[in-house]
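Please open the structure in your viewer and keep the selection tool at hand. The tour below proceeds by selections, each followed by a description of what is found there.

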Amino acid sequence: MKICVFGDSITWGAFDLESGGWVERLKVHFFNNNTETYIYNCGVSGDKVNDLLKRFDTEATSRKPDKIIFSIGINDSTNVDNLGGTPLDKFKSSYKDLLDKAEKITKDILVVGLNNIDEESNKFGYRNEEIKKYNQVIKEIFQERSLKFADCFGILTKDDFYTDGDHPNSQGHKKIFEKVLHILK
């Protein structure tokens, strides 16, 4: 089985200095359990849904995944690089377009919800109340389409973040990995 995981810097594994991120942990888990499961990490730092939409066809069709996991959307919320945020209606439309493309490849799709951040330490201007709005849109879409969903908002504590307050540290990535693995089983 081939699984492609699409997302942003958290998907890519940024700042998990011990194990390379939650997706890398999935890869190691499947290798250690002698399964014929291959994980492709298609996370790109800074990506928003529209960025992923532009690269999705090329990356997905070249790998021909049996399962697709999406973990994207935090960068669409208000932050120092995106002061107004992606308008919620545009975000919803683009996310649906992304799922439409994915469903042409496989019906086996898992959506990983957005995680919270540490507002006291964050350096990029993200706010949990803003992230919640985007996460709610994702929840509505997953319910409409009856997709599998890993709800990660609120599972991270202050101790689960790298010094920037936005990216999970090794402990935080482990929590996301455990949540995703539980849904995959």
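The following stops concern a predicted model.

**First stop: the strands around β1**

Select strand β1, residues 2–7. Is this strand mostly covered or mostly open? It is mostly covered, since 5 of its 6 residues are buried, which here means under 20% relative accessible area.

Next, add strand β2, residues 38–43. The strands β1 and β2 run parallel and are joined by 6 bridges. To see one of these, select K2, whose bridge partner in β2 is Y38.

Now add strand β3, residues 67–71. Its pairing with β1 is also in the parallel sense, over 5 bridges. Here I3 is the residue to select, with K67 of β3 standing opposite. In a regular strand the side chains alternate between the two faces of the sheet.

**Second stop: the nonpolar core**

Select F6, W22, L26, I69, F70, Y95 and V180 together. These residues touch the most other members of the largest nonpolar core, which has 49 residues. Helix α5 gives the most to this core, contributing 6 residues. In soluble globular proteins, nonpolar side chains tend to be buried together.

Centre the view on V180. Which residues does V180 contact, leaving aside its neighbours within four places in sequence? They are W22, L26, I69, L110, V112 and A150.

**Third stop: helix α5**

Select residues 128–145, which form helix α5. With 18 residues at 1.5 Å a residue, α5 should span 26 Å, and the distance of 25 Å between its end C-alpha atoms agrees with this.

Then highlight the buried residues of α5: N128, I131, Y134, N135, V137, I138, I141 and F142. An α-helix has 3.6 residues a turn, so residues three or four places apart point the same way. Against what do the buried residues of α5 pack? Their partners are α4 (88–103), β4 (109–112) and β5 (148–150). Just after the helix comes S146, which has a positive phi near 55°.

**Fourth stop: the aromatic rings**

The model contains 7 aromatic pairs. Select F15 and Y162, a stacked pair with 3.9 Å from centre to centre and 20° between the planes. F15 belongs to the loop between α1 (9–12) and α2 (22–32), while Y162 belongs to the loop between β5 and α6 (170–184), so the pair ties together parts that are 147 residues apart in sequence. F15 is partly exposed, with a relative accessibility of 30%, and Y162 is likewise partly exposed, at 28%.

Move to F142 and F149. Their ring centres are 4.3 Å apart and their planes lie at 15°, so this pair is stacked as well. F142 is buried at 17% relative accessibility, and F149 is buried at 12%.

To complete this stop, select F6, F56 and F70, which ring pairs link into a cluster.

**Last stop: the cysteines**

How many disulfides does the structure hold? The count is 0. Select C42 and C4: the sulfur of C4 is the nearest cysteine sulfur to that of C42, at 4.5 Å, and C42 is in no disulfide. C42 is buried, with a relative accessible area of 3%.

Finally, select C152. Why is no bond formed here? The closest cysteine sulfur, in C42, is 18 Å from that of C152, which is too far for a bond. C152 is buried, with a relative accessibility of 1%.

Methods: Residues are numbered from 1 along each chain as its sequence is written. This is a predicted model: local features need pLDDT of at least 70, side-chain atom pairs count only at pLDDT 80 or more; totals for chains, interfaces and linings use all residues. Side-chain values use heavy atoms; hydrogens and water are left out. A nonpolar core is a set of buried Ala, Val, Leu, Ile, Met, Phe, Trp, Tyr and Cys residues joined through side-chain atoms within 4.5 Å. Buried means under 20% relative accessible area, exposed over 50%, partly exposed in between (1.4 Å probe, protein chains only). Helices (H or I, at least four residues) and strands (E, at least two) are DSSP runs, numbered from the N terminus. Contact means heavy atoms within 4.5 Å. Two strands pair if DSSP finds at least two bridges between them. The expected span of a helix is 1.5 Å times one less than its number of residues. Rings of Phe, Tyr and Trp (its six-membered ring) pair if their centres lie within 6.5 Å; planes under 30 degrees apart count as stacked, over 60 as edge-to-face and the rest as tilted. A disulfide is a pair of cysteine sulfur atoms within 2.5 Å.
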